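Biologist: Before I look at the side chains myself, could you walk me through a few local features of this model?

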Amino acid sequence: MRIFELMTRNVETIEADESLRVAALRMRECNIGALPVTEGGQLVGMLTDRDITVRSTALGQDPNTTRVREVMTTALITCEPDAGLDVAEQMMEDKMVRRLVVVDEARRPLGILSLDDLATVPAEVLRAGVVLEHLRHA
């Protein structure tokens with residue numbers, strides 16, 4: 001099975017120059033905890049609800065004036081849509097992440113593959129559990 005067969009499509013993104021308030025509202029509206037960050041359509045980072053809380057709110061920054069680019073994570077783990085699920089699992093385990101942004105050749109986000117997605121595939125359930133257990137102890 002290939003990543004593109006399992007990834008979540010129609011991924012919500014946010015521009016790097018948007019305010020954290022706009023990002024938080026989008027997360028709330030979509031009931032998600034992470035947004036790939038784009039600039040000119042290309043992936044440049046990832047913003048999580050934890051980034052907002054720990055890197056901004058805890059420091060007293062104003063969410064109306066603080067830009068996404070100021071608190072986003074820039075060290076991204078991405079994958080190609082044609083890669084196998086085993087490649088994705090290994091990347092998640094090695095890099096200790098719960099989600100991968102699926103990108104095309106131009107680094108445009110196509111989707112997201114999460115550990116939860118992997119757990120839905122019967123042949124992958126046991127392996128996803130091993131990856132999750134590894135992440136919990138890291």
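Biologist: Is Arg107 buried, exposed or partly exposed, and what is its relative accessible area?

Modeller: This is a predicted model, and in it Arg107 sits in the loop that joins E5 to strand E6 (109-114). Buried would require under 20% relative accessible area and exposed over 50%. Because the relative accessible area of Arg107 is 34%, the residue counts as partly exposed.

Biologist: What is the phi of Arg107?

Modeller: Arg107 belongs to the loop between E5 and strand E6 (109-114). Although Arg107 is not a glycine, its phi is positive, at about 65°.

Biologist: Which residue with a positive phi follows H5?

Modeller: Helix H5 (85-95) and strand E5 (99-103) are joined by a loop, and Met96 lies in that loop. The phi there is near 55°, a positive value in a residue other than glycine. With a relative accessibility of 45%, this residue is partly exposed. The residue that follows H5 with this positive phi is therefore Met96.

Biologist: Within what arc do the buried residues of H5 fall, seen down its axis?

Modeller: The buried residues of H5 are Leu85, Ala88, Glu89, Met92 and Glu93, two glutamates being listed among them. Viewed along the axis of H5, these buried residues line one face of the helix, because they fall within an arc of 130°.

Biologist: Which exposed residues does H5 carry on the face turned away from its buried side?

Modeller: The buried side of H5 includes Leu85 and Met92. On the face turned away from that buried side, H5 carries the exposed residues Asp86, Asp94 and Lys95.

Conventions. Residues numbered from 1 in each chain as written. Predicted model: local features only at pLDDT ≥ 70, side-chain atom pairs only at ≥ 80, totals over all residues. Heavy atoms only, no water. Helix = DSSP H or I, 4+ residues; strand = E, 2+ residues; numbered from the N terminus. Buried < 20%, exposed > 50% of the residue type's maximum accessible area, 1.4 Å probe, protein only. Arc of directions from axis to C-beta.
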